[in-house]
Every structure is written in C-alpha cells, then in structure tokens.
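Please open the structure in your viewer and keep the sequence panel visible. The tour below proceeds by selections, each followed by a short account of what is found there.

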Amino acid sequence: MGLRFHPNYAFEFGFLNYGNIKFVKTLTKKNANNEFIRSSVRDAKISTRGFYLSHVLFYNITKRLNAQFKAGVIFGSNNYTDEELITTAPSDTETETRIESNFATSTKAFAKAHLAMAMVYRGSKEWSYQLQLNQIQFDHDTERESFDQWLTSLSARYHF
C-alpha cells in the first residue's frame, strides 16, 4: 500500500516474501600430497520475508512511463536450512571411510536497509504495470557467510 503526497514523492509500506534461494555447497580438504581427507556437501535453502517501509521517488520519463527509486527499512526474518553430508577418509586409527549426516535450521530476525528500483507503465486511469528490482543482504553469522539477494517482480496494480 502506498500514499502519494506529491507527483514525485510517495511513502510505501507492505509485506515482502522473497521466496527461497536453494544452492549446493561443496568443500573438499586434501593434504599436501593431494590425497583426499574430508568433504562436505551441503544442500541449503535461504528464505527472507518481512514488513517494509519505504520512501519512493518518482521520475517521469513520459506521460505513461516513470522510474521509481525506493529506499527504506525492512523488519523481517531470514530462515536458513542446511542438510550436510560429511565424508571422511580412513585415518591411522580407522580402516573405513566414515559418512555422517547433519541437519540444521536457524531463523534470525533483522531490521535492515531495503533498496529497490522500478519501471511503471500506466495503462489506464485505474491500472498500472510494474517491473521491480529488489536488493537485500542475508548474513549467516555461524558460517561467516554473506549473500546478496537480487530479485525481480512483475505486478499489476489497481488505483482507487
């Protein structure tokens, strides 16, 4: 929902669900002789969602087309799910390869900056169509990892 106070400025608030980002991460450790010691294969999923408040600046390109630049704050949570398969080579005290499985999940609440850019086409007095690019950063402190998420959305809007 948004409130436009001026032809070039509005205030917007709402709920964003960035969906899921899935990836596989493989780490392999070898010794100085290039012999296998250990590997870890992670099947991970990150999801981000939350409520946001944004300032919106409008720049009219034509009568029907405008660019929007959004900056604000999002209050939400990052959910991280990780299923790991660890394979360890036999050592001096073991004769067989060892395989272990771990499952971890964590949720972290946050309040952070939210940036977006959009192109809006006004098809009629009541309808407009928007293509938007959002950016948000996910930090996974336990693993010392950081991910930038860039997502696009296409929407149709009805104006009262």
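Begin by selecting Leu16, Tyr18, Tyr52, Ile74, Phe110 and Ile136: these 6 residues form the largest nonpolar core of this predicted model. Show their side chains and keep them displayed for the next step.

**Tyr52 and its surroundings**

From this core, select Tyr52. Which residues does Tyr52 touch, not counting residues up to four places away in sequence? They are Glu12, Phe13, Gly14, Phe15, Leu16, Val73 and Ile74. Two names in this list, Leu16 and Ile74, are also members of the core.

**The whole chain**

Now clear the selection and display the chain as a cartoon. The secondary structure consists of 7 strands and 0 helices, and reading along the sequence gives the pattern β-β-β-β-β-β-β. Align the view with the principal axes: the C-alpha atoms fill a box of roughly 75 × 25 × 25 Å. The radius of gyration of the chain is 23 Å, whereas a compact globule of 160 residues would have one near 15 Å.

Next, switch on the surface. The accessible surface of the chain is about 10700 Å², and 57% of it belongs to carbon and sulfur atoms. Of the 160 residues, 30% count as buried. Contacts may also be sorted by separation in sequence: among those with a separation of 6 or more, 59% are made by residues 24 or more positions apart.

**Arg42 and its two partners**

Return to the cartoon and turn to the salt bridges, of which the structure holds 5. Select Arg42 and Asp82, whose side chains meet in a salt bridge with an N to O distance of 3.6 Å. Arg42 lies in strand S3 (residues 36-60) and Asp82 in strand S4 (residues 65-88), so this pair ties together parts that are 40 residues apart in sequence.

Keep Arg42 selected and add Glu84. The side chains of Arg42 and Glu84 also meet in a salt bridge, at 3.4 Å from N to O. This pair likewise links distant parts of the chain, with Arg42 in strand S3 and Glu84 in strand S4, 42 residues apart.

Are these partners buried or exposed? Both Arg42 and Asp82 are buried. Arg42 has a relative accessible area of 10%, and Glu84 has 12%; residues count as buried under 20%, so Glu84 is buried as well.

**Glu100 and Arg98**

Select Glu100 and Arg98 for another salt bridge, in which the side chains meet at 3.2 Å, N to O. Glu100 is partly exposed, with a relative accessible area of 33%, and Arg98 is partly exposed too, at 36%. Then select Glu12, Lys70 and Arg157, which are joined into one network by salt bridges that share partners.

**Asn79 in strand S4**

For the last stop, go to strand S4 and select Asn79. The relative accessible area of Asn79 is 18%, and this residue is buried. Which side chain makes a polar contact with the side chain of Asn79? The partner is Thr107, at 2.9 Å. Finally, extend the selection to the residues that Asn79 touches, not counting residues up to four places away in sequence: Lys45, Ile46, Ser47, Arg49, Ser106 and Thr107. Thr107 thus appears both as the polar partner of Asn79 and in this list of contacts.

Note on methods:
Residues numbered from 1 in each chain as written. Predicted model: local features only at pLDDT ≥ 70, side-chain atom pairs only at ≥ 80, totals over all residues. Heavy atoms only, no water. Salt bridge = Lys/Arg side-chain N within 4 Å of Asp/Glu carboxyl O. Helix = DSSP H or I, 4+ residues; strand = E, 2+ residues; numbered from the N terminus. Buried < 20%, exposed > 50% of the residue type's maximum accessible area, 1.4 Å probe, protein only. Polar contact = N/O pair within 3.5 Å; in protein donor to acceptor, adjacent residues only side chain to side chain. Contact = heavy atoms within 4.5 Å. Core = buried A, V, L, I, M, F, W, Y, C linked by side-chain atoms within 4.5 Å. Rg over C-alpha atoms; globule rule 2.2 N^0.38 Å. Areas by Shrake-Rupley, 256 points an atom, 1.4 Å probe, with all protein chains shown as cover.
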